Amino acid sequence: MLVGGAGLLLGLAAVPAQAAEVSYQTECIPPAISGLPPVQGTTTVEISAPAAAKVGDEVKVVWTFVQAASKNPDIVDLPANSVQPSGTLKAAGAQVTDIAMQGPRENPPIPKGGAMVLSAMKGTLKLTTPGAVTLTPDAYAINALSTDTKCAPEEAVKSAATINVTPEDGGSGTGSPTPDPTGSGSPTPTPTLTPSPTSTPTDTPGPTASGTGQTDFTGKEVQVPYECKTPIGDKNATSPVQINARRNGGSFDLTVKFKKSVMDSPATIPKDSVKPSMEVVLGGADTGTVHVEGPTNSEEIKAGDPIEIPDLTGTYKPGASGESTLSPGVLTIEALGTTTTCTPAKTEVSLTLDTTEQQGGASGGSSSGGGSSSGGTTPDGGLAETGADDQGTLKALGLVAGTAVLLGGAVFTFMPGRRAR
């Protein structure tokens, strides 16, 4: 397997690959909700990379776990394809940068007390400077059933591989043949695996006039940090959210969109078992909240597949005239008899509408959005501190939408969680 995997490393570099093994003492920190102390152990990894390449090449590197720092605790069996590693590989020498590494969520079933089996992590490095570039494993994290265990070296780690980088061929290019560029002329190293942030739309938050006949209004995408209360503890996550509206007489049909999935499902989730809803917070001229909700999952979500939030819809009947603002509020996820609620740590306006007061409108209360209405309202017009929010919920969705075993305990990669019910 190692030989076959090494062959994949060649990428654009037409030279043989090398593989070297290194061991180092490691401290792993369990999630705070476990209440467990740190665990010390030995991590052994093998780093594979091209032995030689040239400036401008984009090379692939592979981090293979020979031994994880600890075994699976004697609490809960880990199902197949429920564990995903990620980490950082340090490049030093002629080029200094961090290489983001990540492996797929692929593992055999790991029984209680069994050896932890982690998939190989891969990353990409674009070579910018001639000379010897060393590769050294650093910190890594293990995501198991939506909980993270973070591990870091407790000692100086030896480099595990070296790439000898030669200058780019100058026959047809304009680059200098000098093999040792000055510091001011060297390109700035850039890690190639750092995910690019979600671009922010340039749409204005809302219309500027209501008498132009405009019917569709596109909100601004805003980044919302959520603090979630799950059946097993607290979780935080940030999600891009956008609120759009369509005029419907004196009211507005709202659509709340979540722009990305934040996790893959760690376990198979049955059809029609997950129900999201959210309270859109009103401001400006109007106050209160508007209830929006989405459909249950129409198909089974298989382990390892992304968990997507469907569009949440509802109707906003204005309770005041003037400029009214709409912001993402708390959201609730109901799954298999459990409820996870998430509250924005802070929020900002996604959409501004020119509104005309309607009989029985939202001002001072809440508007129900075409379905079951939400539980409490927030008549003070604040940030709806008592609802549920949606993105952090997804971080725990594998736990609340999995099996009874998953619902009963938080499972950590190296350390036991709460006792399963």
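This tour moves through the protein by selection, from the overall fold to its disulfides and then to its aromatic pairs.

**The whole chain**

Begin with the entire protein in view, bearing in mind that the model is predicted. Colouring by secondary structure should bring out three helices and 22 strands. Of the 421 residues in the protein, buried ones make up 46%. A contact map adds a further view: among contacts between residues at least 6 apart in sequence, 74% join residues at least 24 apart. With the surface displayed, the exposed area comes to about 18,600 Å², and carbon and sulfur atoms supply 51% of it.

**The disulfide of strands β1 and β9**

Next, display the bonded cysteines; the count comes to two disulfides. Select cysteine 28 and cysteine 151, which a disulfide joins with an S to S distance of 2.2 Å. The torsion about this S-S bond is 110°, and the link is right-handed. Which parts of the chain does the pair tie together? Cysteine 28 belongs to strand β1 (residues 17-29) and cysteine 151 to strand β9 (residues 147-153), so the disulfide ties together parts that are 123 residues apart in sequence.

Switch on the surface around both ends. Cysteine 28 has a relative accessibility of 1% and counts as buried. Cysteine 151, at 2% relative accessibility, counts as buried.

**The disulfide of strands β12 and β20**

Now move to cysteine 228 and cysteine 342, which form a disulfide with their sulfur atoms 2.0 Å apart. The torsion about the S-S bond of this pair is about 115°, so the disulfide is right-handed. This pair links distant parts of the chain, with cysteine 228 in strand β12 (residues 222-230) and cysteine 342 in strand β20 (residues 338-344), 114 residues apart.

Are cysteine 228 and cysteine 342 buried or exposed? Cysteine 228 is buried, with a relative accessible area of 2%, and cysteine 342 is buried, with a value of 0%.

With both disulfides on screen, number the bonded cysteines in sequence order: the pairing reads 1-2, 3-4.

**The aromatic cluster around phenylalanine 65**

Hide the cysteines and display the aromatic rings. A search of the whole structure finds five aromatic pairs. Select phenylalanine 65 and tyrosine 140, whose ring centres lie 5.2 Å apart with the planes at 70°, so the pair is edge-to-face. The partners come from distant parts of the chain: phenylalanine 65 from strand β4 (residues 58-67) and tyrosine 140 from strand β8 (residues 131-144), 75 residues apart. Both phenylalanine 65 and tyrosine 140 are buried.

Extend the selection to Trp63, since ring pairs link Trp63, Phe65 and Tyr140 into a cluster.

**The stacked pair**

For the last stop, select phenylalanine 252 and tyrosine 316. What geometry does this aromatic pair have? The pair is stacked, at 6.2 Å centre to centre and 25° between the planes. Here too the pair links distant parts of the chain: phenylalanine 252 sits in strand β14 (residues 251-258) and tyrosine 316 in strand β17 (residues 312-316), 64 residues apart.

Finish by inspecting the accessibility of the two rings' residues. Phenylalanine 252 counts as buried at 2% relative accessibility, and tyrosine 316 counts as buried at 0%.

Key:
Residues are numbered from 1 along each chain as its sequence is written. This is a predicted model: local features need pLDDT of at least 70, side-chain atom pairs count only at pLDDT 80 or more; totals for chains, interfaces and linings use all residues. Side-chain values use heavy atoms; hydrogens and water are left out. A disulfide is a pair of cysteine sulfur atoms within 2.5 Å. Helices (H or I, at least four residues) and strands (E, at least two) are DSSP runs, numbered from the N terminus. Buried means under 20% relative accessible area, exposed over 50%, partly exposed in between (1.4 Å probe, protein chains only). Rings of Phe, Tyr and Trp (its six-membered ring) pair if their centres lie within 6.5 Å; planes under 30 degrees apart count as stacked, over 60 as edge-to-face and the rest as tilted. Contact means heavy atoms within 4.5 Å. Accessible areas come from the Shrake-Rupley method with a 1.4 Å probe; for residues, only the protein chains shown count as cover.
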